[in-house]
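Reader: I'm used to gels and columns rather than coordinates. Could you walk me through how to read a model like this one?

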Amino acid sequence: MKRTLLILSALGAVAVANAQPTTFIDLGTINSISSDYNVADLSVIAPVAGPTVTWYRFNLAQATSPAGAFFDIDLFATGATAQLDTEIGLYDNLGNMVSNDDDDGHSLRSALTFGNTTTRIMPPDPFGFTNGVNANGRDGNLGVGTYWLAVSNFSTTHGTTNWNVTSTGTAQGTVQVNFRTDAVPEPATMAVL
């Protein structure tokens, strides 16, 4: 009886440790819809409110590679929040951190860049900021799968596992989250989708 309880307790602990975020926005599969890097393939408006972390789940249907497909995420300020300071973190579907960023985007915003190492220049944001770091695949490669993006205020701590993200930020505003990719699913993948 004691052994059964210990096994059940251990299984319960694993289930709790791997709990996905309960509140999130599902973006579906992100594919290339424009060959123009200045035009984001998908943009969403994200609230940045105090210590709240906003989660987005999406699917990537084609892997990135140094000489092939890229996948970039950048944030622009919106409305009257030109100086909003953000952080982002990308997690795989098991809750493991893939990468995170504080200030690689324009001004105090965030950006991640995966895959192709050819330099790509983010377009100016609506406030005219152009000081972001060029995209060049510096955050590694992504495989096909489901990913989770955490958007939050500075200062944020991104844990390495279990989607563990906490923010102590106090600012209020919104940002535009831009997804840029040339990852087009192969015909067999498209048939499944």
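Author: Sure. This is a predicted model, so start with confidence. The chain's average pLDDT is 87, and 86% of the residues score at least 70.

Reader: Which stretches have a pLDDT below 50?

Author: Residues 1-16 are one such stretch, and beyond near neighbours in sequence they have zero contacts in the model. Residues 188-193 also fall below 50, but that stretch has five contacts beyond its near neighbours.

Reader: OK, on to strands. How do I read the order of strands in the open sheet?

Author: Read the order from one side of the sheet to the other, and look at which strands sit next to each other. Here four strands are arranged as β2-β11-β4-β7, with antiparallel pairing. β2 (42-49) and β7 are the edge strands, each pairing on one side only. From one strand to the next, the twist averages 20°.

Reader: What joins β4 to β7?

Author: Five bridges do, between antiparallel strands, with β4 covering residues 70-77. For a pair to look up on screen, try F71, which stands opposite F114 in β7.

Reader: Now the inside. Which residues touch the most other members of the largest nonpolar core?

Author: A core is a set of buried nonpolar residues joined through their side chains. This one has 23 residues, and L149, V151, V177 and F179 touch the most other members. The elements giving two or more residues to it are β1 (25-30), β2, β3 (54-60), β4, β5 (86-92), β7, β8 and β11 (172-181). To see one member's surroundings, pick V151: setting aside residues up to four places away, its contacts include A46, V48, Y56, L75, I88 and V177. There is also a second, separate core of seven residues, among them W55, Y91, W148 and W163.

Reader: I've got W163 on screen. Is it buried or exposed?

Author: The cut-off for buried is under 20% relative accessible area. W163 counts as buried because its relative accessibility is 7%. It lies in the loop between β9 and β10, and its phi is near 50°, a positive value in a residue other than glycine.

Reader: Which other loop residue between β9 and β10 should I look at?

Author: Try N162, found in that loop, with β10 at 165-167. Its phi is near 60°, again positive without being glycine. N162 has a relative accessible area of 30%, so it is partly exposed.

Reader: While we're on backbone features, where is there a cis peptide bond?

Author: Look at omega for that one. The bond joining F154 and S155 is cis, with omega about 10°. S155 is in the loop between β8 and β9 (156-158).

Reader: What does the side chain of R109 make a polar contact with?

Author: Look for a partner atom first, then check accessibility. The R109 side chain makes a polar contact with the side chain of D125, at 2.9 Å. R109 counts as buried because its relative accessibility is 0%. Its place is the loop between β6 (97-101) and β7 (111-115).

Reader: Last one: which residues is G137 in contact with?

Author: Skip the neighbours within four places in sequence, and you're left with T113, F114, G115, N116 and R120. G137 is in the loop between β7 and β8 (145-153), and at 12% relative accessibility it counts as buried. Its C-alpha is also 8.5 Å from that of S65, although the two are 72 residues apart along the chain.

Notes. Residues are numbered from 1 along each chain as its sequence is written. This is a predicted model: local features need pLDDT of at least 70, side-chain atom pairs count only at pLDDT 80 or more; totals for chains, interfaces and linings use all residues. Side-chain values use heavy atoms; hydrogens and water are left out. Buried means under 20% relative accessible area, exposed over 50%, partly exposed in between (1.4 Å probe, protein chains only). A polar contact is a pair of N or O atoms within 3.5 Å; within protein, one must be able to donate a hydrogen and the other to accept it, and residues adjacent in sequence count only if both atoms are side-chain atoms. Contact means heavy atoms within 4.5 Å. Two strands pair if DSSP finds at least two bridges between them. Axes are lines fitted to C-alpha atoms, for helices over the stretch in contact, and angles run from 0 to 180 degrees between N-to-C directions. pLDDT is the predictor's confidence in each residue, from 0 to 100. A nonpolar core is a set of buried Ala, Val, Leu, Ile, Met, Phe, Trp, Tyr and Cys residues joined through side-chain atoms within 4.5 Å.
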